[in-house]
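Visitor: I would like to learn how to read a model like this one. Please take me through it step by step.

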Amino acid sequence: MTTKKQFFTTPIYYVNAKPHLGHAYTSIATDVATRFKQMDNHETFFLTGTDEHGDKIVQAAQAQGNTPKEYADQISTLFQNLLPKLNVKNNHFIRTTDPDHINVVKKVLSKIYDSGDIYFSNYEGLYCFGCERFYQERELTDGKCPDHGKAPTVIKESNYFFKMSKYQEWLINHIKTNPDFIRPAQYKKELLSFLKEPLEDLCISRPKSRLTWGITLPFDEDYVTYVWFDALVNYISALGYPDGELFKKFWADTRHFVAKDIIKPHGIYWPIMLKAAGIPIYKGLNVHGFWNVKGSKMSKSIGNVTDPVKVTDIYGIDSFRYFLMREMVFGLDANFTEETIISRINADLANDLGNTFSRILSMNLRYFDGEVKGYDSKIEKDKGLSLSSDASLAIDEFKKAMELCEFHKGIGAIWQFISTMNKYIDKNKPWALAKDEANIRVLETILYNLVEGLRVVSCLIYPIMPQTSFKMQKALSMEKENKGFYTLDEISAWGQVKKGTLIAKPDSLFPRIEKDKIKPKETAGQTKMFKPALKEEITIDDFAKIDLRTGTVISAEKIEKSNKLLKLKVDLGAQTRQIIAGIAKNYNPDQIIGKQVIVVANLKEATLMGETSQGMILATDNKKKLVLSGFDKEILPGNPVK
Ligand code: MSP
């Protein structure tokens, strides 16, 4: 039974610009953390939304000739529409222009005002219009705003102030005594070091003579509240603070996700606001680094602001989610380039995950017509064939890492297990065992363990790649009804795949990506020279003389004394051929087993290094590296290629 609850939030994003890669990352990371907690038997609530008040929005709206509300409606819709495109499953989307939110902001302001922690005073300070806040001298870099690179303007006005200084010692103590309050550790250190200096009280109002697009202070009609005082309250207004059921149910265990740019409002203002309003403090603040694109900060002037919708359209949702979670070490900055996403897709997804999946299922299909035969426990024990403890280790490591938002490590634990499964195959050589009927029980036991291993992998990847998880589970005939997921407890129980289960023929999970093929616009218009020159023209009848067939490589080994040749056994449906291929410099035997290739099936037999070769497989030379031809879907061996 689910008893534990956890509340997950992203920042609410400003509507002054369209969503980009950075926003997509935080939303996906929060979605991954939420899905993981669901696997860990938690009932969760996931909130995201848009921050719609303030100078920035007024300026952006004016630039477009719209009212702030019209403008906010347009951009907020873009943020809302992005979520399903990233497969982010939020429970609620809040907008700071929602009337319920506005009421709660007023309630919180009144509560703090009544308790005496808000006072009115004259103030002269350094104001950055970009950040919409006053700066202290020591926070500036060479006298300029560190985020906007501009010298702030001196502003003199009467305003309302929040007595943050009163709570400084309390906050330092809270951070120190709650080790999980701010993660990762470097950000906790950063905040504590900031808190070594006296904290200034926070100016929480803006006179309406300067700004009207905000929430009016409940105790002074002439002022609107400072955007952060409005925005941070979204986390409780969305839950129906103070009496809402959701607030009662979820607030106690709240986990905020933000990037390092907004650590101060979340790590200093917000806990102090909660304390002053008599509301329990949130449990944890998870802070990640920044995505740069091609080595630079995203900026319109550089032209490297990356649209997450375009990236998912090209590479697919799961590949994008995987890339983001695998590439960024949570807490540190990361770099986005198309080359890195392509190489992650090809190496980690197409090769490691995809090939292992099809390699195992193809063997099960070949040796047992797709039926899971069960295992012999005595043989398993005597021959040390169980993968159970490797799976347990992967699950434990995954759990530990995900708990700490170390997503790249969690993924690493799954991939370590995939590598173990491949080594297990290479060591036990099912193709060799399959030659002798006497080995049938051993072969069955090996395949059972491998299919079980795939079950574990399919379940663990769920938070990161939900669609791929379902696709694998469908092939393994273990889909949960209503697209559910498996809990960590269910995953941990070894031996879940039932004997007699029929396993479908798998589609390729992740086709390899060739960069040239996905950027048609960039290459269009360029006439590519063929190197070498084209051969003499042939007729269709000439071409028909070549019998091209689909084949599946079922075994591969190096040929002694040759660093170029591999000896392959290729399944052509009705028969198996031995083919000697000159690909050893670019393919290891274990990389190529299970691969589907195109075979010239009517080529005259030849002898190479003393070995008979009954055909040829097609490949091309790409920058001095051989690349095998193949298909973007799983196909039956022996099909003619036309
Ligand atoms: N509206 C405030 C947040 C209020 S929360 C109560 C705000 N909005 S924002 O649109 O500027 O969003 C900032 C957040 O967007 C970052 O904290 C981070 O989550 C995400 N990112 C924006 N750019 C980013 C990168 N380049 N890299 C990673 N995430 C970044 O601040």
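The talk below goes from the whole chain to the ligand site.

Guide: This is a predicted model: local features need pLDDT of at least 70, side-chain atom pairs count only at pLDDT 80 or more, and totals for chains, interfaces and linings use all residues. Residues are numbered from 1 along each chain as its sequence is written, and side-chain values use heavy atoms, without hydrogens and water.

Visitor: How many helices and strands does the chain have?

Guide: Helices (H or I, at least four residues) and strands (E, at least two) are DSSP runs, numbered from the N terminus. Here the chain has 24 helices and 25 strands. Its C-alpha atoms fill a box of roughly 95 × 65 × 40 Å along the principal axes.

Visitor: What share of the residues counts as buried?

Guide: Buried means under 20% relative accessible area, with a 1.4 Å probe and protein chains only. Of the 642 residues, 53% qualify.

Visitor: Which residues come nearest to the ligand?

Guide: A residue is near a molecule if one of its heavy atoms lies within 4 Å of it. Of the 23 residues around the ligand, Ile12, Thr26, Asp51, Asp261 and Trp291 come nearest.

Visitor: Where are N or O atoms found beside an oxygen atom of the ligand?

Guide: A side-chain N or O atom of Thr26 is 2.6 Å from a ligand oxygen. For the side chain of Asp261 the distance is 2.8 Å. Tyr14 uses a backbone N or O atom, 2.9 Å from a ligand oxygen.

Visitor: Which element gives the most to the shell around the ligand?

Guide: Strand S1 does, with 4 residues. S1 spans 4–14. Helix H1 (21–39) is among the elements that give two or more.

Definitions and conventions. Buried means under 20% relative accessible area, exposed over 50%, partly exposed in between (1.4 Å probe, protein chains only). A polar contact is a pair of N or O atoms within 3.5 Å; within protein, one must be able to donate a hydrogen and the other to accept it, and residues adjacent in sequence count only if both atoms are side-chain atoms.
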